[in-house]
Each structure stands twice: as C-alpha cells, then as structure tokens.
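Subject: Structure handover

Hi,

Here's the structure I said I'd pass on. Have a look at it first, then read my notes below.

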Amino acid sequence: MDLITALEGLVPELESGLAQASSLEALEVLRVDFLGRKGRLAHIMSALPQLAPADRPAAGQKANAVKEQLSALFEQHKSALEQAREAEALRRFDPTIPGRLPWRGSLHPDTLVIEEICDVLRGLGFDVASGPEVENDFYNFESLNMPPEHPARDMQDTLYVSDKVVMRTHTSPVQVRTMLSRKPPLAVICPGKVYRRDSDLTHTPMFHQIEGLMVGHGISMAHLRGILTAFVREIFGSATQVRFRPSFFPFTEPSAEVDISCCMCGGKGHVNGEPCRVCKTTGWVEILGCGMVDPAVYAAVGYPSDVSGFAFGLGVERVAMLKYGIGDLRMFFENDARFLGQFA
Ligand code: DAH
C-alpha cells in the first residue's frame, strides 16, 4: 500500500476507535497505539527510507499533518471525557450530608483543677508563684528542715540529677524561694509538677501539687483553719465538713492533715446501701497536709523570729479524682481522647 494512503487511513481509524473509548484510561491505550514510539504512525513511517528520495518530502509533510490531526482528535476527546467525569462527580456530590466537624480540644482535668483552685485562692488574697522543677538540694530538703540524713531524701523516693541536684519531690521549695526574695507579710500559692521514684496503681513518677504559704505577724492556726475551710467549701461545695488530724512534716510545727467529708457519699459511708468505694465507709477523705511554718525554715531564709505563718500542700490529681469521680490515677497521663473529651 502506498505510504500516503496508509497515513490518511489513520484518521478514520482513530475516529472509530475514539467512538468506543469511554474512559480516560481507554483513551491513553489508544494514544499509545497510534502515536506511541512503536505505534501505527511510527510503523508506517519506518517505510520512509524505501521511498524514492524525491517522494520523501511529500510523505514527511503528510506524516506531520496526520500527526497533528490525530493529536487534535485526542485532545478533543480527552477534554470531553474530563468534563463528563467532573459532571458525574458533581452529580454524586450530596450537599445535604452533614459535614465532619473538626475535633474540639478541651482542658486537661489537672489544668481545670489548678485554674479553679488558683482562682479561689487569688480571691482569698494569695499571689501565684512558680519555681524550677530541677531543684537544688538546699531548696528541696535542707532549708525545709530535712538535713542530709533525713529519710525523706531516700534514693527510693527522690530522682537525683546529681549529688546536689534533684527533680523536686514537692512544691515546698517554692516557699523557700519566695521567702528569700520577699519580705513578710506575704501570701502565695504555687502550682506545679513534682517528681518521685514511684509507679503503681496510685502513684505516678510525675504528678501535680499546689503549695500555699502565708507569713506575717500574728498569723495563727485559726487563720489556717479559716482559710482552708473556706477554700475547700468553694471547691467541693458549701456543705463540705472539714476535720484536722495531727500529723508530722519536717517543715511545719504543729502539722495537720485535713480530711473533708466524702463527696461521693456525703459523709454517710454508704451509697444506696452499698459501702462507699471512695472513703471506704469512713465518711472522710484526706485532702491535704498543712501546718504552722517551723522556726527552722524561717532561720534558713533569714526571717526574724517574730514572724508566724502557715503552709499547706495538696495533690492536684487527688482533688480532681474526688471532684470528678475519676477512679484511676493513670488516666491522667494516658492522653486518651475519650477520657479527656469528657472535660470539654
Ligand atoms: N510537701 C508535702 C509533700 O509533698 C506536702 C505538704 C505538707 C506541704 C504540709 C506543706 C505542708 O506546705 O505544710 O508531701
């Protein structure tokens, strides 16, 4: 067959091929078949060297013209198919389906409790202070009346960074830092993270405390009672009963632990006839430690001996567990969105 005729035949052949090609994928197969490196056009043109030299230019021109025609046909068909595909997507799009709402964050229960407690205590005249989590032995122990051989320094409890540097085991060192930088009268609270070598069902290596300190002249245990009672009633409700039990802390004398009437059973020890699992039927739950600042602490910070004041320390997770009825301490640190989302 003559080469020119063969070239001209490609156009109607492609036209009938295109009539069958109903997808972009089928179209691509067709394009390779006609215009590809080993396609029909290339195959026909491979016969070019066999033509008489005089016939070659005309054949070459024809080949170019046919190639353009073929390409134009492909482009036309391609955009028609693309438009059809888009129209189909639009047809399937259902604007009445409700959208997916973005996830909404919520504050961690620790944060909620810290903010609430700080709010209440700010209202009672306390400033909020902070201190470092990596602390010198002096601030964490020595100045708080815990000399080198004191059992509270036990390697079992304390995470040591080096011989004289520890991860603070409580927020009490902020008391000392505050007194070293301010003169009485003063009232501060310090919320923050504390660290201990402890990990089981009811202990985590990191947890949160809030420290309180009020120092001035003529401050007595009655002030401590009054402030803590008012504070606890703000947090747990005005019907909450408070009791002080004698206790011991190296940095306070006298010292006390404070219990509140159980917020689960209202102090009755039973819920619907069942033993209360929160207070184990005692009707009371321990909430914080406190006491009158020990004179040894004033001496460590260079305060005169005629000042007096009180301090207290409470566990944030403990308050949150009681307040929100959370049964498992580990939930605070697992970052499970199903748990955290409940505090939105
Ligand atoms: N620092 C104590 C602890 O971590 C808590 C504490 C008890 C703080 C009595 C005080 C206090 O300020 O007066 O166990």
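Starting with empty space: the largest pocket holds about 1,400 Å³. For the cut-offs, a pocket is an open set of points on a 1 Å grid over the protein atoms alone, where a 1.4 Å probe fits and protein lies on both sides within 12 Å along at least five of seven lines; lining residues have an atom within 4 Å of a point. Volume is the space filled by probe spheres set on the points, with points joined across faces, edges and corners.

There are 49 lining residues, and Arg196, Phe207, Glu286, Gly315 and Arg318 are the closest to the pocket's centre. By type, the lining splits into 23 nonpolar, 15 polar and eleven charged (nonpolar is Ala, Val, Leu, Ile, Met, Phe, Trp, Tyr, Cys and Pro; charged is Asp, Glu, Lys and Arg; polar is the others, Gly among them). Strand 11 gives the most, seven residues, while strand 6, strand 8, strand 12 and helix 10 (316–324) are among the elements that each supply at least two.

Before you go further: this is a predicted model, with local features needing pLDDT of at least 70 and side-chain atom pairs counting only at pLDDT 80 or more, while totals for chains, interfaces and linings use all residues. Residues are numbered from 1 along each chain as its sequence is written, and side-chain values use heavy atoms, without hydrogens and water.

On to the sheets. Helices (H or I, at least four residues) and strands (E, at least two) are DSSP runs numbered from the N terminus, and two strands pair if DSSP finds at least two bridges between them. Seven strands make an open, mixed sheet ordered 1-5-6-12-11-8-7. Its edges are strand 1 (127–128) and strand 7 (242–249), each pairing on one side only. Strand 1 runs parallel to strand 5 (residues 186–195) over two bridges, with Asp127 opposite Val188.

A second open sheet has three strands, order 2-4-3, with antiparallel pairing. Strand 2 (134–136) and strand 3 (160–162) are the edges here. Three bridges join strand 2 to strand 4 (residues 165–167), and Glu135 has Val166 as its bridge partner.

Last, the helices: helix 2 (residues 24–35) packs on helix 4 (residues 56–92) at about 175°, axes 10 Å apart. That makes the two roughly antiparallel (over 145 degrees, on a scale from 0 to 180 between N-to-C directions, with axes fitted to C-alpha atoms over the stretch in contact). Their contact residues are eight nonpolar, two polar and six charged.

Cheers

Terms used
Angles under 35 degrees count as roughly parallel, over 145 as roughly antiparallel, 65 to 115 as roughly perpendicular and the rest as oblique.
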